[in-house]
Amino acid sequence: SLDPAEILNWLAETHDTDTNMVKLSSRNLHRIVALERTVLVLFFLRSEPSPLIAQSNCSTRLDRLGVVAVGLENLAEVEGLGVEQLPALVMFKHGLPIIYSGEMTVDSLDKMLSWVSRESD
């Protein structure tokens, strides 16, 4: 399986330019990780875009937190992280993935956002 550094490399190269979410170049991503900052990624299936990204009010709120949206061809691409279903919200903290275990729905956006602020401290 990929180690977190490889996954971050891969993320930087495959991030989705079709959404209006924050885009990171690999250089910026490496710099963020090198600084031991927190990197937030919302993984989703390209074939089934999440309402969290499709609805502009949701994507704007995620965007403000610096969440990067990454479209995948299939779940196998992130199984090495321990992701079991998509969409998935993953926080890379000091390079290690922490997976949000709550519901990934528009209705639960507030819970997701409070998890993010709690985990980011």
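A residue is called buried here when its relative accessible area is under 20%. Keep that cut-off in mind for the tour, which goes through a predicted model.

**The whole chain**

Start with the full chain in cartoon view. It contains 5 helices and 4 strands, and from the start of the sequence to its end these follow the pattern α-α-β-α-α-β-β-β-α. The chain has 121 residues, and 40% of them are buried. Switch on the surface: about 6700 Å² is exposed, with 48% of that supplied by carbon and sulfur atoms. Of the contacts between residues at least 6 apart in sequence, 65% join residues at least 24 apart.

**The sheet**

Hide the surface and select the strands. The 4 strands make an open sheet with mixed pairing, in the order β2-β1-β3-β4. At the edges are β2 and β4 (96–99), each of which pairs on one side only. From one strand to the next, the twist averages 30 degrees. Strands of a sheet pair through backbone hydrogen bonds, which may be parallel or antiparallel in sense.

**Strand β3**

Select residues 88–93, which form strand β3. How many of the residues of β3 are buried? The count is 6 of the 6, so β3 is largely enclosed by the rest of the structure. Now show the side chains. In a regular strand, these alternate between the two faces of the sheet. On one side of β3 are Ala88, Val90 and Phe92, on the other Leu89, Met91 and Lys93; all are buried, and both faces of the strand are covered.

**Strand β1 and its two partners**

Move to residues 38–45, strand β1. Here 7 of the 8 residues are buried, so β1 too is largely enclosed by the rest of the structure. With β3, β1 pairs in the antiparallel sense over 6 bridges. Two positions to label are Phe43, which stands opposite Ala88 in β3, and Leu40, whose bridge partner in β3 is Met91.

Then add residues 68–72, strand β2: β1 and β2 run parallel and are joined by 5 bridges. The position to label here is Leu42, which stands opposite Ala69 in β2.

**The hairpin of β3 and β4**

Return to β3 and add residues 96–99, the edge strand β4. β3 and β4 pair in the antiparallel sense, with 4 bridges between them. Val90 has Ile99 in β4 as its bridge partner, and Phe92 stands opposite Pro97. Zoom in on the turn of the hairpin, where 2 residues lie between the strands and His94 takes a positive phi near 55 degrees.

**Two loop residues**

Select Ser50, in the loop between β1 and α3 (51–54). Is Ser50 buried or exposed? Its relative accessible area is 2%, so Ser50 is buried. Leaving aside neighbours within four places in sequence, Ser50 is in contact with Phe44 and Pro87.

Next select Gly82, in the loop between β2 and β3. Gly82 counts as partly exposed because its relative accessibility is 38%. Draw a distance from the C-alpha atom of Gly82 to that of Ile98: the separation is 9.1 Å, for residues 16 apart along the chain.

**Helix α5 over the sheet**

Bring the helices back and select residues 109–120, helix α5. Which strands does α5 lie across? They are β1, β3 and β4, and the helix runs at about 10 degrees to β3.

**Helices α4 and α5**

Keep α5 selected and add residues 56–64, helix α4. Two packed helices are described by the angle between their axes and the distance between the axes. For α4 and α5 the angle is about 5 degrees, and the axes are 11 Å apart. Angles under 35 degrees count as roughly parallel, and α4 and α5 are therefore roughly parallel to each other.

To see the contact itself, show side chains on both helices. From α4, the residues are Cys58, Arg61 and Leu62; these meet Leu109, Asp110, Met112 and Leu113 of α5. By type, the contact has 5 nonpolar residues, 2 charged ones and no polar ones.

Terms used: Residues numbered from 1 in each chain as written. Predicted model: local features only at pLDDT ≥ 70, side-chain atom pairs only at ≥ 80, totals over all residues. Heavy atoms only, no water. Axes fitted to C-alpha atoms, helices over the stretch in contact; angles between N-to-C directions. Parallel < 35°, antiparallel > 145°, perpendicular 65-115°, else oblique. Contact = heavy atoms within 4.5 Å. Nonpolar A, V, L, I, M, F, W, Y, C, P; charged D, E, K, R; others polar. Buried < 20%, exposed > 50% of the residue type's maximum accessible area, 1.4 Å probe, protein only. Areas by Shrake-Rupley, 256 points an atom, 1.4 Å probe, with all protein chains shown as cover. Pairing = 2+ DSSP bridges.
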